[in-house]
Amino acid sequence: MDSTPDNPQNEKGIENRPSDENVLQKHVAFFDRNHDGLIYPWETFEGFRAIGCGVGLSTAASIFINLALSHKTRPGKFPSPLFPIEVKNIQRGKHGSDTGVYDSEGRFVPLKFEEIFRKHAHTHPGALTSDELMELLKSNREPKDYPGWVGAWTEWKILYFLCKDNKGLLHKNTVRAVYDGSLFQHMEEETKSKKNKA
């Protein structure tokens, strides 16, 4: 059932309208390690290391992400050789061929999130297998949007690599947590706990 101004929920009680909160900013704020509103490559590197990624992946991610997003999030400004990302403008860095869970203003769209699992979680209703994840990526591809294809593939493959369970499943609550940014803090705490036990 489509939403109307008088009926902001669908028949399953899922909000049809995005929240006013820019959750995309919360998603990336974890990597703003000194909380100054800017994310430099070394902060991206530090954030990836904090959630348990190796040096190689963290280095590659910091280069790829900051090169891709710095200029987009700093409109009207001369390119900086330090490639900072401005958190307040992160919605400008949205790439094509994505799920649409974040709208153009960085807000969370619940129906788009539910659609991921309704359309692609064939084996388990609350999780994605590796093959189902690839199906999701292929279904979202826009024609000739090669940068968007690469961006989406990289994001989801890193998430799957880090967060799949021992049966190779990426769970719905994990994906939800990455969208609102809470997953990164949880992963950092887990990484610290493992180091303390070692």
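This section describes the salt bridges, a nonpolar surface patch and the internal cavity of a predicted model.

The structure contains 10 salt bridges. In one of these, the side chain of Arg33 meets that of Glu46, with an N to O distance of 3.5 Å. Glu46 belongs to helix 2 (residues 41-50), whereas Arg33 is located in the loop between helix 1 (23-29) and strand 1 (38-39), so the pair ties together parts that are 13 residues apart in sequence. Both partners fall in the partly exposed class: the relative accessible area of Glu46 is 41%, and Arg33 has a relative accessibility of 21%.

A further salt bridge links Lys94 to Asp98, and the closest N and O atoms of this pair are 2.6 Å apart. Lys94 is partly exposed, at 27% relative accessible area. Asp98 is likewise partly exposed, with a relative accessibility of 26%. Beyond such pairs, salt bridges with shared partners join Lys112, Glu115, Arg118 and Lys119 into one network.

The salt bridge between Arg107 and Asp103 has its closest N and O atoms 2.8 Å apart. Arg107 and Asp103 are both buried, that is, each has under 20% relative accessible area.

On the surface, Ile63, Leu67 and Phe83 make up a nonpolar patch of about 270 Å². Phe83 is placed in the loop between helix 3 (55-69) and strand 2 (85-86). The relative accessibility of Phe83 is 34%, and this residue therefore counts as partly exposed. That value also meets the requirement for patch members, which is over 30% relative accessible area.

Attention then turned to the interior. Rolling a probe the size of a water molecule over the atoms shows where empty space is left. The structure holds one cavity of 30 Å³ or more, and the largest cavity encloses about 40 Å³ of space. The lining of the largest cavity is formed by Ser97, Leu137, Arg141, Trp149, Ala152 and Trp153. By residue class, this lining comprises four nonpolar residues, one polar and one charged. The polar residue is Ser97 and the charged one is Arg141. Helix 6 (residues 146-163) makes the greatest contribution to the lining of the largest cavity, supplying three residues.

Note on methods. Residues are numbered from 1 along each chain as its sequence is written. This is a predicted model: local features need pLDDT of at least 70, side-chain atom pairs count only at pLDDT 80 or more; totals for chains, interfaces and linings use all residues. Side-chain values use heavy atoms; hydrogens and water are left out. Patches are made of residues with over 30% relative accessible area and no salt bridge: like charges are joined within 9 Å, nonpolar side chains (Val, Leu, Ile, Met, Phe, Trp, Tyr) within 5 Å. Accessible areas come from the Shrake-Rupley method with a 1.4 Å probe; for residues, only the protein chains shown count as cover. A salt bridge is a side-chain nitrogen of Lys or Arg within 4 Å of a carboxyl oxygen of Asp or Glu. Helices (H or I, at least four residues) and strands (E, at least two) are DSSP runs, numbered from the N terminus. Buried means under 20% relative accessible area, exposed over 50%, partly exposed in between (1.4 Å probe, protein chains only). On a 1 Å grid over the protein atoms alone, a cavity is a set of points where a 1.4 Å probe fits but cannot get out, and a pocket is an open set with protein on both sides within 12 Å along at least five of seven lines; lining residues have an atom within 4 Å of a point. Grid points are joined across faces, edges and corners, and a volume is the space filled by probe spheres set on the points.
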